[in-house]
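Thank you for coming, everyone. Let me put the sequence and the model on the screen, and then I will go through it piece by piece.

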Amino acid sequence: MPKDIASPSPCAGFIVANCAALACAARLLGGQTALKRAQRLIEDFSLAPPLTRRLNRELDALEDLLALRHVHDFDRVEAAQFSKIDPLDPAVEEICQLLDGLRAAREAEANAG
């Protein structure tokens, strides 16, 4: 069956539907630089473009951020940002849900193509 060009891809749909939460999570976990990077990604996906290698790299970086992959590297801003987060903060659960949603969207994207 041909791909429906009128509907957004799973990744675009997830990013756009969760743009505010993703921006907040990016700022919380990675500071201003991560926030700006997430905002560019949101802007790029709001146009519902095809998934390019660059967008895939940006999704990889967002997934790494949400998955806390770099919090043990004290040379990165993520370590400092992570140390400021109260484990009981409701944002922690929201970040976990965003990570699960992003992974599900990426899997759906891979299975659709």
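I would like to start with helix α5, and with what lies against it: the cover over the buried residues of α5 includes α1, residues 10-17, α2, residues 19-46, and α3, residues 53-66. Please keep in mind throughout that this is a predicted model, so that everything I say is computed from predicted coordinates.

Helix α5 itself runs over residues 90-112, which is 23 residues, and the span from its first C-alpha to its last is 33 Å, close to the 33 Å expected at 1.5 Å a residue. Which residues of α5 are buried? They are Ala91, Ile95, Leu98, Leu99, Gly101, Leu102, Ala105, Arg106 and Glu109, and you will notice that the list holds Arg106 and Glu109 as well as Leu98 and Leu99. At the start of the helix, a side-chain oxygen of Asp89 comes to within 2.8 Å of the backbone nitrogen of Ala91.

Glu109 leads us to the segment before α1, where Ser9 is found. The side chain of Ser9 makes a polar contact with the side chain of Glu109, at 3.2 Å, and a polar atom of the Ser9 side chain also lies 3.1 Å from the backbone nitrogen of Ala12. Is Ser9 buried or exposed? Its relative accessible area is 12%, and because the cut-off for buried is under 20%, Ser9 counts as buried.

Going back along the chain from α5, we come to the loop between α4 and α5, which holds Asp86. A polar atom of the Asp86 side chain lies 3.0 Å from the backbone nitrogen of Leu88, while Asp86 itself, at 43% relative accessibility, counts as partly exposed.

Now let me turn to the open space in the model. The largest pocket has a volume of about 270 Å³, and the elements that give two or more residues to its lining are α2, α3 and α4, the last of these being residues 77-83. Which element gives the largest share of that lining? It is α2, with 7 residues. In total the pocket is lined by 16 residues, and those nearest its centre are Ala34, Arg37, Ala61, Leu65 and Glu78. By type, the lining divides into 8 nonpolar, 3 polar and 5 charged residues.

Besides the pocket there is enclosed space to consider, and here the count comes to 1 cavity of 30 Å³ or more. About 40 Å³ of space lies in the largest cavity, and the residues that line it are Leu29, Asp64, Leu65, Leu68, Arg69, His70, Val71 and Glu78. These divide into 4 nonpolar, 1 polar and 3 charged.

Glu78 has now come up twice, among the residues nearest the centre of the pocket and in the lining of the cavity, and I would like to look at it with some care. Glu78 lies in helix α4, and with a relative accessible area of 11% it is buried. Leaving aside its neighbours within four places in sequence, Glu78 is in contact with Leu29, Leu65, His70 and Val71. With Leu29 the separation along the chain is 49 residues, yet the two C-alpha atoms are 5.8 Å apart in space.

Helix α4 also holds Phe82, which at 36% relative accessibility counts as partly exposed. Beyond four places in sequence, Phe82 is in contact with Leu68 and Val71. Its C-alpha is separated by 14 Å from that of Gln32, a residue 50 places away along the chain.

That brings me, finally, to Leu68, which sits in the loop between α3 and α4 and counts as partly exposed, at 28% relative accessibility. What is the phi of Leu68? It is positive, about 60°, although Leu68 is not a glycine. As background, most residues other than glycine have a negative phi. Leu68 is thus a residue to find on the screen, in the lining of the largest cavity and in contact with Phe82.

Methods: Residues are numbered from 1 along each chain as its sequence is written. This is a predicted model: local features need pLDDT of at least 70, side-chain atom pairs count only at pLDDT 80 or more; totals for chains, interfaces and linings use all residues. Side-chain values use heavy atoms; hydrogens and water are left out. Helices (H or I, at least four residues) and strands (E, at least two) are DSSP runs, numbered from the N terminus. The expected span of a helix is 1.5 Å times one less than its number of residues. Buried means under 20% relative accessible area, exposed over 50%, partly exposed in between (1.4 Å probe, protein chains only). Contact means heavy atoms within 4.5 Å. A polar contact is a pair of N or O atoms within 3.5 Å; within protein, one must be able to donate a hydrogen and the other to accept it, and residues adjacent in sequence count only if both atoms are side-chain atoms. On a 1 Å grid over the protein atoms alone, a cavity is a set of points where a 1.4 Å probe fits but cannot get out, and a pocket is an open set with protein on both sides within 12 Å along at least five of seven lines; lining residues have an atom within 4 Å of a point. Grid points are joined across faces, edges and corners, and a volume is the space filled by probe spheres set on the points. Ala, Val, Leu, Ile, Met, Phe, Trp, Tyr, Cys and Pro count as nonpolar, Asp, Glu, Lys and Arg as charged, and the others, Gly among them, as polar.
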